[in-house]
Amino acid sequence: MAAEPPQTRREARESEQPIEPDASPGASDAPASTESDHADTDAAPDAAAAAKRAKAEMIGRTAAIFIMPLLFVGMMITGYLGTMHSPTANDMPVVVAGSDSKAADMKLALDGSEPDALDVDTVDDAHTAREMVTDREASAAVVIKGDKATLYTAGGAGAQQATTVTGLVMPALQDEGLEVSTQDLAPLPDNDSTGLGAMFLMTSIVMAGYLPFSVLRSNSPELLKFKRIVPILGAWAAVIAGLVWTVTCPILDVVDVKDTVAILGIAWLGVFAIACVQLFITRLFGALGVLFGILFLMVLGMPSSNMAIPVYTMSPFFRFTHEFLPMPAIGEALRSVLYFNGTGVTGHLLVLAIGAVVGLLATKAYDTISHRRNPDPQPLSVNIPSLHGGRRPDSKVLRYISLVAFPLAMVTMMISFMLGAMGSPAPKDMPVTVVGASTEQAKDTIADLEKNMGEDMFDFTATTNEDEARALVKDRDQVAALVLPTEDNAEFGLIANEAGNNAAYRVVNQVFDQVASAQDMDLEVDNIAPLPDRDKNGVVVMYVAMGWVLAGFMVVIVAANANPWSRPLKRMVPLTAVYAPFMSLVVALIAGPITGAVEGHFAQLWGAGILAIFSIAMFAMVFERLIGMLAIVPVIGTLMFAGMPASNGSISEYMTPTFFSTLHDFLPMPAAVETIRSIVYFDSDVVTEHLQVLALWGLVSLALVFLIDSIKPPRTEHDFGNLHLEQEREANKQAREQAKALEASGSAQTVQSTIVDHEPNKSMETESAASTEQAEYRVAPTAGDGLTHRFAEAADENSVDERSTPVDSESSDRQERIPSTV
C-alpha cells in the first residue's frame, strides 16, 4: 500500500488539537504522535531541498560538457595559433668576425638591413664565432677574410632557424659585394633530415609525464599518497624511457646506438620531472589539475621549446620561459645529444633535476601543511568508476592495468605514428607536370630527370599545354608544373602552389632550382596562390582542423563521465546539435578575430565546423559505447596520430609513407584540413567533396551507435561496484598505519587500550556502515536515467533515515570517498 504524502507545515498546524492536562490514559501516546507529525511536516521541505540539489547537480554536470572542452580546446588552439601562425624573426643573435674595420662595417650593414630581426655583435676571431654557433649562443656567424665571407649555421639547432637566418643575412652580404659561401657546423643526420626526431621525442616524454594524472585523480586517488606515488613515478619513467628508446633506436633508427645511455637518462629524468611538477599541480587543483598542467607544460612549453619554430621568432616572453620550463629543457637536452655530441646538455639536465626536486618538495610541504591544519581531512572522491565504461573492477590489478594501458598506448602511438610518418619527410611519387614545346621534348626531359633523381621521387606527366598544367596545379591535382625553355623564353619556369602545401612548394623549388642551375639557367617561379604573412608556414589550416577534432571527441568523453544520463541518443544527439555550433563558433573566433590567423570566411568556417564537430562526435561515440573512456586511444589514434601525417597539413601527403598518403582521401582529419584550405585560400572550390567525407563518417557512426544501443542499452549512471568495500579497506589500512605511528612514538599502551575499548562494537559498526553505504550508493549515484522521479524517492528515503538511525555526516563522507592523499 502506498504511503500517504507527507503533510505541509500549514496542514500539520491546522490538524493539531490541544491536549488537556487531565486527558484519558491514552494521552500518554500523544507525545509520540506529535513527534511523528513533526517528522512528517519536515519531510516536504527536505524533499524540496533534495530536488533542488539534484537539479543544481544536473545543471552543473551538463554545463561541464560545454565548459571542459571550451577550456581545453580554447587553450590549445589559441596558444598554438596565436604564437606560431606567423613567426617573425626578433633579435636573432648573429656574430661577426674579421678585421676590426670590416667586422664593424658588416655589423653596421646587418643592423641597417634588419634592425629588428637581428641582434648583431662582433667577436675577436673566427674560432670564437664558430664555437658560439655550436654552443647555440648565436644563430649564425659571419667570418670575413678579404672580399670573401663564410656564413656558418647549425642545422642541428633547428632547420627552420638556419633557413631563416640565412635568408636574413645573405642579402646583406651580397649587397656588400662579398663572395659568400655557407657551412653547416652541425648538419642533421640523413635519418633525421628535418630534426623532428628530437621534437617528437620531447613531445612523447612530456605526454608520458602528465597523462597518467588525467585519470589517476578521479579513478584511483589512493595512489596519489606521497609514499606510494613517488616510486610509481620512478618506475613509470623507466618504462617510458625504455619504450621511446626501443621505438627510436632499433625500430626507426633515429637514435644512434652510441647515444643509448644518454637518451635513456634524459627520457627517465624528463618523465620523472614532468610527473613531479604535475603531481604538485594536481595537489593544488585536483582533477582539474590536468588542464593547468597542459597550459603550463604544453601550451606554453611548445612555443618556448625552440623545436618546431625558432624561439627567436617568438615574443620575448617565450624566450624567458625557454630558460626554465621542462619541455624546452627536454628538447634542448635531446638536441644536444643527437646533433651536438652532448655539448651543452648539463645545463638542461640541471633544469629538469631542479624541477623534479621542487615538485616533490612542494608536494611534501603541501601535504604537511594540510595535515597540520586538518589532521583528519575529508577523503578524496572517486567519480570515474572505470576507464572501460563498465562496472568498477573489484580487482585492483585489473584497474591498475587499465590505468597503465591508457597513457602507454597514447605515448606508443605518438612516438611510432608521428615520428615514423613525419620524421624523415621526402618526396614520394609527388605529381609534377613537365610542359615542353613538344611531347617528345617533355618525355625526353622526364627520362633525364628520372635517371638523375630516381623514379620514386616524382610522378612526372608530359604535356604541351601550359594552361592545362596551370589549372591542374591550381586545383591541387598536381603539385607543380616545370615549364621547359623555349625559343621565346630561355629560362626554366616553375608553376607552383604555395597555399596548396608549403612543404611541397619548398621541395619543388629547391629541386628544380638545382636542375636549372645545372643548366646554367635561372628558375622563374610562378606562385599562383602565395601564402599571406599571417600564415607564413601554412599551418593555420592544420590547427583549425585540430580544434574541430578535439572539440568533436571531447564532448562525448566528457559527457559520458560528467553526466552519464546524457548518453542515450535521444539526449546526446540534441545536446551535440547545440554543442557543435557553440564550439565551431569558438574555433572560428579564435582563428579570426582573436589571433588574426584567418581573415574573413567566418560564416563558411563556422558552418563547416558544425558538420565536422558533429560527425567526429558520432565517431567517438561508437568507441565510447564499446570501451568507455579508453575510447580516447582508438579515436585519437585514428583522428590525430594517423590523421595528421595523412592530412596534407604541415607536411605534404606526398612526403609521408604510402600508407598515410592512401588514407588522405578517407580520414576525417584530412577532410577537415582540405575543407579549411579550400575555404580560406581557394574560394571553397572543393568544399563539397570533403564535407561529404565528414558527413559519411557521421552518418555511418550514428548508425553503428544505434545498432549497438539496440543490442545493449547504454548505461545512464556510473556503476561503482564494490567501491564501498574498497573504501572500507583503505580506511582500515589508514587506521592501522596511524596506530603503528602512535606505537612508534611511545604511545603503544594508549593505542592498545583504545583498540580494546572499541573491539566489541567493531563488527556491528562495520555491518552498519556497509548497509548505510549500500543504501547511500543506491540513492545518490551520479545523474542517471529516471532522475525526474528520483526526487520523490530521495525524499522518502531521507524521511525514513531521519525517523530511524541518524547518520553522522563525517562518517558518511568517509564511506563515500577514498582516504586523503595526505
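## Loop residues with positive phi

Asparagine 341 lies in the loop that runs between α13 (326–340) and α14 (345–373). In this predicted model, the phi angle of asparagine 341 is near 55°, a positive value in a residue that is not glycine. Asparagine 341 is exposed, because its relative accessible area is 70% and the cut-off for that class is over 50%.

Aspartate 429 also has a phi near 55°, again a positive value in a residue other than glycine. The loop that holds aspartate 429 joins α15 (396–422) and β6 (430–435). With a relative accessibility of 46%, aspartate 429 counts as partly exposed.

## Methionine 430 and its surroundings

Strand β6 contains methionine 430. Methionine 430 is buried, with a relative accessible area of 0%, whereas aspartate 429 is partly exposed at 46%.

Leaving aside residues up to four places away in sequence, methionine 430 touches Met457, Phe458, Asp459, Val479, Ala504, Val507, Val508, Ser652, Tyr654 and Met655. A C-alpha separation of 8.8 Å is found between methionine 430 and glutamate 653, which are 223 residues apart along the chain.

## Aromatic pairs

The structure holds 13 aromatic pairs. One of them is formed by phenylalanine 458 and phenylalanine 512, with 5.4 Å centre to centre and 45° between the planes. This pair links distant parts of the chain: phenylalanine 458 belongs to strand β7 (residues 458–463), phenylalanine 512 belongs to helix α18 (residues 502–518), and the two are 54 residues apart. The pair is classed as tilted, because its angle falls neither under 30 degrees nor over 60.

Which class of exposure applies to phenylalanine 458? Phenylalanine 458 is buried, with a relative accessible area of 1%. Phenylalanine 512 likewise counts as buried, at 0% relative accessibility. Phe458 is also among the residues touched by methionine 430. Elsewhere, ring pairs join Phe66, Tyr579 and Phe582 into a cluster.

## Arginine over aromatic rings

Two arginine residues are placed over phenylalanine rings. Arginine 136 lies over the face of phenylalanine 340, at 4.2 Å from the ring centre. For arginine 476, the charged end sits over the ring of phenylalanine 682, at 3.8 Å from the centre of that ring.

## A nonpolar surface patch

Leu284, Phe285, Leu288, Phe292 and Tyr366 make a nonpolar surface patch of about 430 Å². One of these residues, leucine 288, is found in the loop between α9 (260–285) and α10 (289–299). Leucine 288 is partly exposed, with a relative accessible area of 42%. Leucine 288 therefore meets the accessibility requirement for a patch residue, as its 42% is over the cut-off of 30%.

## Threonine 203 and its methionine contacts

Threonine 203 is located in helix α6 (residues 196–210). Is threonine 203 buried or exposed? At 7% relative accessibility, threonine 203 counts as buried, because that class covers values under 20%.

When residues up to four places away in sequence are not counted, threonine 203 touches Met298, Met302, Met327 and Met414.

Notes. Residues are numbered from 1 along each chain as its sequence is written. This is a predicted model: local features need pLDDT of at least 70, side-chain atom pairs count only at pLDDT 80 or more; totals for chains, interfaces and linings use all residues. Side-chain values use heavy atoms; hydrogens and water are left out. Rings of Phe, Tyr and Trp (its six-membered ring) pair if their centres lie within 6.5 Å; planes under 30 degrees apart count as stacked, over 60 as edge-to-face and the rest as tilted. Helices (H or I, at least four residues) and strands (E, at least two) are DSSP runs, numbered from the N terminus. Buried means under 20% relative accessible area, exposed over 50%, partly exposed in between (1.4 Å probe, protein chains only). A charge sits over a ring if NZ of Lys or CZ of Arg is within 6 Å of the ring centre and within 35 degrees of the ring normal. Patches are made of residues with over 30% relative accessible area and no salt bridge: like charges are joined within 9 Å, nonpolar side chains (Val, Leu, Ile, Met, Phe, Trp, Tyr) within 5 Å. Accessible areas come from the Shrake-Rupley method with a 1.4 Å probe; for residues, only the protein chains shown count as cover. A salt bridge is a side-chain nitrogen of Lys or Arg within 4 Å of a carboxyl oxygen of Asp or Glu. Contact means heavy atoms within 4.5 Å.
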